[in-house]
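Student: I've got a model open and I'd like a close look at one part of it. Could you zoom in on a single residue and then work outwards from there?

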Amino acid sequence: MGGGDKDNSKSIINNFSNSGTIHSNAGESIYFGNANISSFANSGTIKSKQGAGVNISQGTSIGNFNNTGTIEGKKDGIQINANVKTLINKGTIKGDAISIRSLGGTIDQLINEGIMDGKSAGIYMRGGRVKTLINSGTINQNNSETWAAGIKLQNNSTIENIINTGSIRSNAFGISVTGGKFGTLTIKDGGQVYAKYSAIGVGRSQTLGDLYIDGSSSKIYGE
C-alpha cells in the first residue's frame, strides 16, 4: 500500500480501521510505504504466516497507531522504519522472531498496556529512536539465545526514557544495550524486570543514563 511515483508524491490515508481479519500466507499482511497516515486502528486480527503482520516502511509517517486486537507475524508482529507520533498496544502483538522491530525513524510515544510477545525479543531496535516507552502491560521474550532480550538495543539506536510499571520477562536478558543508548529507566508501582541471565545488561562502551527503582514492590531479578 502506498508507493511513490517519480515526483515522490505520497499516498494519504486519513483513517485506516480493521475490526475483521486480514490474513496473508506470503509476505506482510499490511505494508505501508511512502504514505502519510493520520490514524491506524486495529480491533480485529492481522496475521501473516510468512512475514510481518504490519510493515511500516521508510518514507511513511503515522499520527496514531492503536491496536486493541491481535497483530501476529511469522517473523515480526510489527516492523517499523518510519516516524510514528503515538503507538499504543492494548491487545496482543506477537512475532515468531520479534514483537516490534525498529529499523529507523522516530517513535514519540510507544505505550504497551497489553501483551508484546516475541521469541527472540519483545522490542528490538536496530536503528531509530523512541522518545518515551511506557510499559504497564507485559513484554515477553521466550527463547534462551544469548543475544536475546525483552528490550534490545543495537546499531546506535536510542530509547530516551523508559517507565515500567508492568512486567518485562525474558529467558535471556531483560533489558540489553549492546549498541545504543538508554536515557532514563524508571521501574515503579510494582514494575518488574525478570531475566534468566541479567535483568539489565549494558555492553562495553554503551550508555545507560539514570536508573530509578521506586518502592519495595518494584523488582529486578537476574539468576
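Does S102 count as buried or exposed, and at what relative accessibility?

Tutor: Keep in mind that this is a predicted model. S102 comes out as buried: its relative accessibility is 6%, and the cut-off for that label is under 20%. As for where it sits, S102 belongs to strand β12, which covers residues 98–104. If you skip the neighbours within four places in sequence, S102 is in contact with I80, Y124, M125, R126, G127 and G128.

Let's follow I80 out of that list. I80 is among the residues that touch the most other members of the largest nonpolar core, a set of 40 residues. The others picked out in that way are V54, F65, I78, L110, I151 and I159. Take L110 as a sample: leaving out neighbours within four places in sequence, its contacts are L87, I100, M116, I123, V130, T132, L133 and I134.

Now for Q79, a polar residue in strand β9, which runs over residues 76–81. Q79 counts as buried too, because its relative accessibility is 15% and the limit is under 20%. Its side chain makes a polar contact of 3.3 Å with the side chain of D76. Not counting residues up to four places away in sequence, Q79 touches A52, V54, N55, I56, R101 and L103. V54 is one of the core residues named above, while R101 and L103 bring you back to strand β12, given its span of residues 98–104.

F65, another of those core residues, leads to the rings. F65 forms one aromatic cluster with F16, F32 and F40. Across the model there are seven aromatic pairs. One of them is F16 with F32, an edge-to-face arrangement with 5.6 Å centre to centre and 90° between the planes. F16 is in strand β1 (residues 11–18) and F32 is in strand β3 (residues 30–32), so this pair ties together parts that are 16 residues apart in sequence. Both F16 and F32 are buried.

For another pair, look at Y194 and Y221: this one is tilted, at 6.2 Å centre to centre with 55° between the planes. Y194 lies in strand β23 (residues 192–195) and Y221 in strand β26 (residues 219–222), so the pair links parts that are 27 residues apart in sequence. Y194 is partly exposed, with a relative accessible area of 24%. Y221 is also partly exposed, at 35% relative accessibility.

Zooming right out, the protein chain has 26 strands and zero helices. Its radius of gyration is 17 Å, close to the 17 Å that the globule rule gives for 223 residues, so the chain is as compact as a globular protein of that length. The C-alpha atoms fill a box of roughly 50 × 30 × 30 Å along the principal axes. Of the 223 residues, 49% count as buried, S102 and Q79 among them. The chain exposes about 9600 Å², and carbon and sulfur atoms supply 41% of that. As for sequence range, take the contacts between residues at least 6 apart: 58% of them join residues at least 24 apart.

How values were computed:
Residues are numbered from 1 along each chain as its sequence is written. This is a predicted model: local features need pLDDT of at least 70, side-chain atom pairs count only at pLDDT 80 or more; totals for chains, interfaces and linings use all residues. Side-chain values use heavy atoms; hydrogens and water are left out. Helices (H or I, at least four residues) and strands (E, at least two) are DSSP runs, numbered from the N terminus. Buried means under 20% relative accessible area, exposed over 50%, partly exposed in between (1.4 Å probe, protein chains only). A polar contact is a pair of N or O atoms within 3.5 Å; within protein, one must be able to donate a hydrogen and the other to accept it, and residues adjacent in sequence count only if both atoms are side-chain atoms. Contact means heavy atoms within 4.5 Å. Rings of Phe, Tyr and Trp (its six-membered ring) pair if their centres lie within 6.5 Å; planes under 30 degrees apart count as stacked, over 60 as edge-to-face and the rest as tilted. The radius of gyration is taken over C-alpha atoms; the globule rule is 2.2 Å times the number of residues to the power 0.38. Accessible areas come from the Shrake-Rupley method with a 1.4 Å probe; for residues, only the protein chains shown count as cover. A nonpolar core is a set of buried Ala, Val, Leu, Ile, Met, Phe, Trp, Tyr and Cys residues joined through side-chain atoms within 4.5 Å.
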